[in-house]
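Please examine the sequence and the structure shown below. The paragraphs that follow lead through salt bridges, a pocket and a surface patch.

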Amino acid sequence: MKFKLRPYTSLGVDKACIPVTMRHEEVISELCLETPEIVNAAQQIMQSLNSSRDLSDCMLPGCLEDITREDMEIVLLGTGSSQPSKYRNVTSIYFDLFSKGSLLFDCGEGTLGQLKRRFGVEGADDAVKKLRFIWISHIHADHHSGLARVLALRRDLLKGVPHEQLPVVGPPQLKVFLDAYQKLEDLDMQFLDCRHTTEAAWDAFERSCGPSDGQSSPSSHTNSEDTRISKTCDANATLFATGSPMLSYFKKTNVPTDHSMAFPLLTKLQTVLHEAGLESVVSFRVVHCPNAFGVSLQAAQRSNRVGKLIPGWKIVYSGDTRPCKELVEASCGATVLIHEATFEDGMLDEAIAKNHSTTIEAIEAGNAAGVYRTILTHFSQRYAKIPVFDETHMHNTCIGFDLMSINLTDLPVVPKILPYLKLLFKDEIVVDESDDFVEDIGAAAP
């Protein structure tokens, strides 16, 4: 938008560059004129959606038996990497648990705006108010820089209403950022380090809640990594110790962690999970930057109409990562794996250099773990509207788009929409090499 100062006769806002508002019907009409085949494609997709609800139980994982549309819905608020573009905002995933609340995994800049685009202004307020907790994968700006705005809005919306502080689970560097920001304004949150939500940390917490006969104190229990490192890092535990390399404390991923310090916060998080119908949230390390994590979210068991126990669904989110065994192990038997796919298959060297994954690597990770569905996200902004992909490998896979909503009941049909996406964007499957500088900036990020 431009504001003209001279000539005086043209003083004011120049509205020439403001796009004309189009009604929904006009958009559909224009699309049909450009791509006539889209009409039949839309009808076929609707038929697929209807048929997916009639599939026999043997074709579905057990956790989807008698599932309803009010159980859970995944909303991809941002599916791009590094910085926002015209078509893809940076990473954020909203999990709508409907009457049981909601969750937010990663919160890049513009997340609040995306919530308003998806749910409307009042709907976005409701979505923020019912958040149960927020989980952040790592400290890069495209994954956390929208967090303060969301927290501040929640604080304002709940002012004068009895409520609990919102748990925010993230890497240790995030606490430094939040503490500094809270010198400006209170964010009404409680921080919990991702390292205190690993499987080892939860095990130590469970032992502290159980019988103590013959057992040592919880603080004496550390994971194998902590035990191994504690023998060698005493002299290097601080930046100023004799002989210590000049390395930031937060870049040391091998510093022992005393999980017992987080037990009060874990108790609160456990209560939050129970109220949301969830069984566990477990963080695990991935290969990207220091203190980068992925997460596994497990729903609690439920009973069907005849009292039969149905296992809970399981969602795994990779964060940013190279393929790694920790991710595959955490994803074993998952209902949905949301995996980053920053680069196309022909850019393996770039993916290795920048600790990201290619499309085929993300798909192979899902196949190795035996997941039901894999959703690809975090695409390089060089792919303007749709990434480059090989459809032959994607029988269980879906391409993510901003504001895309995937209900659990629609998972069976998700891979079937790929041919129609290629039809819709038949003139857009090209690479924008002019945005390579974006990736260079990302590579230089701490």
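A salt bridge is a side-chain nitrogen of Lys or Arg within 4 Å of a carboxyl oxygen of Asp or Glu. The model shown here is predicted, and it holds 16 salt bridges.

One of them joins the side chains of Arg305 and Asp66, with 3.1 Å from N to O. Arg305 lies in the loop between β11 and β12 and Asp66 in the loop between α2 and β3, so this pair ties together parts that are 239 residues apart in sequence. Arg305 counts as exposed because its relative accessibility is 76%, whereas Asp66, at 32%, counts as partly exposed.

A second salt bridge is formed by the side chains of Glu361 and Arg322, at 2.7 Å from N to O. This pair links helix α12, which holds Glu361, to the loop between β13 and α10, where Arg322 lies, 39 residues apart. Are these partners buried or exposed? Glu361 is buried, with a relative accessible area of 13%, and Arg322 is buried, with a value of 13%. In addition, Arg23, Glu25 and Glu26 are joined into one network by salt bridges that share partners.

The largest pocket offers about 1,600 Å³ of space. Its lining consists of 41 residues, and Val27, Leu31, Leu421, Leu424 and Phe425 lie nearest the centre. Elements that give two or more residues to this lining are α1, α2, β17 and α13. By class, the lining has 26 nonpolar, 4 polar and 11 charged residues.

On the surface, Phe3, Leu5, Tyr8, Leu11, Val13 and Ile18 make a nonpolar patch of about 660 Å². Within this patch, Leu5 lies in the loop between β1 and β2 and counts as exposed, at 60% relative accessibility.

Terms used. Residues numbered from 1 in each chain as written. Predicted model: local features only at pLDDT ≥ 70, side-chain atom pairs only at ≥ 80, totals over all residues. Heavy atoms only, no water. Patch = residues over 30% accessible without salt bridge, like charges linked within 9 Å, V, L, I, M, F, W, Y side chains within 5 Å. Areas by Shrake-Rupley, 256 points an atom, 1.4 Å probe, with all protein chains shown as cover. Helix = DSSP H or I, 4+ residues; strand = E, 2+ residues; numbered from the N terminus. Buried < 20%, exposed > 50% of the residue type's maximum accessible area, 1.4 Å probe, protein only. 1 Å grid on protein atoms, 1.4 Å probe; cavity = no way out; pocket = protein on both sides within 12 Å on 5 of 7 lines; lining within 4 Å. Points joined across faces, edges and corners; volume = space filled by probe spheres on them. Nonpolar A, V, L, I, M, F, W, Y, C, P; charged D, E, K, R; others polar.
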